[in-house]
Amino acid sequence: MKNILVLLLSSLIVATLFPLNLAQFNVKEFKGQYPLISLSRLLETDEFVSVEGVVYRISAPKKFLTRAEVDAKFLDESNLVGILAINIDELGTFTGKEKQALVAANGIVYDVNPSRHWAGGDHKNRHKAGEELTHEIVRNSPHGLGKLANVKPFGVLVFTPEQLAKFNGKNRAKSYIAFEGVVYDLSHLRPVPNYPFGTEATSELLKMPNYMDTLSKSYAIGLLVFDEENLGAFDGKQSSKEFIKVASIVYEVTNVPDWREKLHLEPDAVAGKDYTSQFECELEETCGHDHPDSGVLKEFKIVGFELVK
């Protein structure tokens, strides 16, 4: 399907090893190499299954499997669909009560249901399932992240712009911010910097001194994702920012006045749209338009990724 095409951009895509293993996944290194598949899309598509957070197109008796339950020959690139994306609101429903117990740390959602230490979704009356727990596990747990090696990954944690907006540092909310497609938790920095929390703020942070040092002291906790509807809000009118999508990557073009020309678009083309078609041939033997040089995308800042719904 073309809407989950990760095209062209061999020069922009980081080489990865296969089979894909979320146990070694780093959200800060993600550049759209794989489609992000929503939980609803997984559940609604009969031929999709999740194997420790990696979605494959294979026949299986249940939706969620461990690697040990699948013949390794099926876990190849030809069957790969993408990575299972669990948004922050969905995570909150997996409390170990009516659903299984999940927790998130460093951008990975883990299935702690089999662990006796998380019986009923509670961990020693200190932590609860259904929550993002990077700080609590890294700084407050005597075991650190190493203890999570004993449980299986379930997916990656993602935030829509609307969900991110809730974490604006006000009224006891945590202080999250998105930079180059990655969501960071800065709640535990002292003092907390004066950043526009709850927003996608790549362009703002690039203008601030020492932002990289600040981010290096914070926690990368997930990815910022867009669907067609919320991408459309970044058209320069509903929002002051202008975003576009090419393949699975969302770029900011707010401060690129000639972005339409660079993409060989009409002068009245609007932001908030998918322009993947500028880089692919719609016909088998001929193209319906001139293609821009894919290298032009390097001039645009990555601000998020497509969520396949």
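These legends accompany several close-up views of a predicted protein model.

**View 1. The whole protein, before we zoom in.**
Let's start with the overall picture: the protein has eight helices and 16 strands. Of its 309 residues, 52% are buried. Take the contacts between residues at least 6 apart in sequence: 64% of them join residues at least 24 apart. The accessible surface comes to about 15,500 Å², and carbon and sulfur atoms account for 49% of that surface.

**View 2. Strand β7 and its neighbours β6 and β10.**
Here we look at strand β7, which covers residues 108–111. Strand β6 (residues 102–105) runs antiparallel to β7, and four bridges join the two. One of the bridge pairs is Leu102 with Asp111 in β7. The two strands form a hairpin with two residues between them. In that turn, look for Asn106, whose phi is positive at about 55°. β7 also pairs with strand β10 (residues 152–159), in the antiparallel sense and over four bridges. On this side, Ile108 stands opposite Val156 in β10.

**View 3. The two faces of strand β7.**
Which residues of β7 point one way, and which the other? Ile108 and Tyr110 point one way, while Val109 and Asp111 point the other way. In a regular strand, side chains alternate between the two faces of the sheet. All four residues, Asp111 among them, are buried.

**View 4. Ala85 and its surroundings.**
This view is centred on Ala85, which belongs to strand β5 (residues 80–87). Is Ala85 buried or exposed? With a relative accessible area of 2%, Ala85 is buried, because buried means under 20%. Ala85 and Ser38 are 47 residues apart along the chain, yet their C-alpha atoms are separated by 5.1 Å. If you leave aside neighbours within four places in sequence, Ala85 is in contact with Leu36, Ile37, Ser38 and Leu39, as well as with Glu90, Val156, Val158 and Leu307. Val156 may look familiar from the second view, where this residue of β10 stands opposite Ile108.

**View 5. An edge-to-face pair of phenylalanines.**
The count of aromatic pairs comes to 14. One of them joins Phe30 and Phe305, with 4.8 Å from centre to centre and 65° between the planes, an edge-to-face arrangement. This pair links distant parts of the chain: Phe30 is in the segment before β1 (36–38) and Phe305 is in strand β16 (residues 301–308), 275 residues apart. Phe30 and Phe305 are both buried. Ring pairs also bring in Phe25, which forms a cluster with Phe30 and Phe305.

**View 6. A stacked pair, Phe64 and Phe154.**
Why does this pair count as stacked? The ring centres of Phe64 and Phe154 are 4.9 Å apart and their planes lie at 25°, so the pair is stacked; the cut-off for stacking is under 30 degrees. Phe64 lies in strand β4 (residues 64–65) and Phe154 in strand β10, so the pair ties together parts that are 90 residues apart in sequence. The two rings differ in their exposure: Phe64 is partly exposed, at a relative accessible area of 29%, whereas Phe154 is buried, at 5%.

**View 7. A charge over a ring.**
To finish, we turn to Lys99 and Phe94. The charged end of Lys99 sits over the ring of Phe94, at 4.8 Å from the ring centre.

Conventions. Residues numbered from 1 in each chain as written. Predicted model: local features only at pLDDT ≥ 70, side-chain atom pairs only at ≥ 80, totals over all residues. Heavy atoms only, no water. Buried < 20%, exposed > 50% of the residue type's maximum accessible area, 1.4 Å probe, protein only. Contact = heavy atoms within 4.5 Å. Areas by Shrake-Rupley, 256 points an atom, 1.4 Å probe, with all protein chains shown as cover. Pairing = 2+ DSSP bridges. Phe/Tyr/Trp six-rings, centres within 6.5 Å; stacked < 30°, edge-to-face > 60°. Lys NZ or Arg CZ within 6 Å of the ring centre and 35° of its normal.
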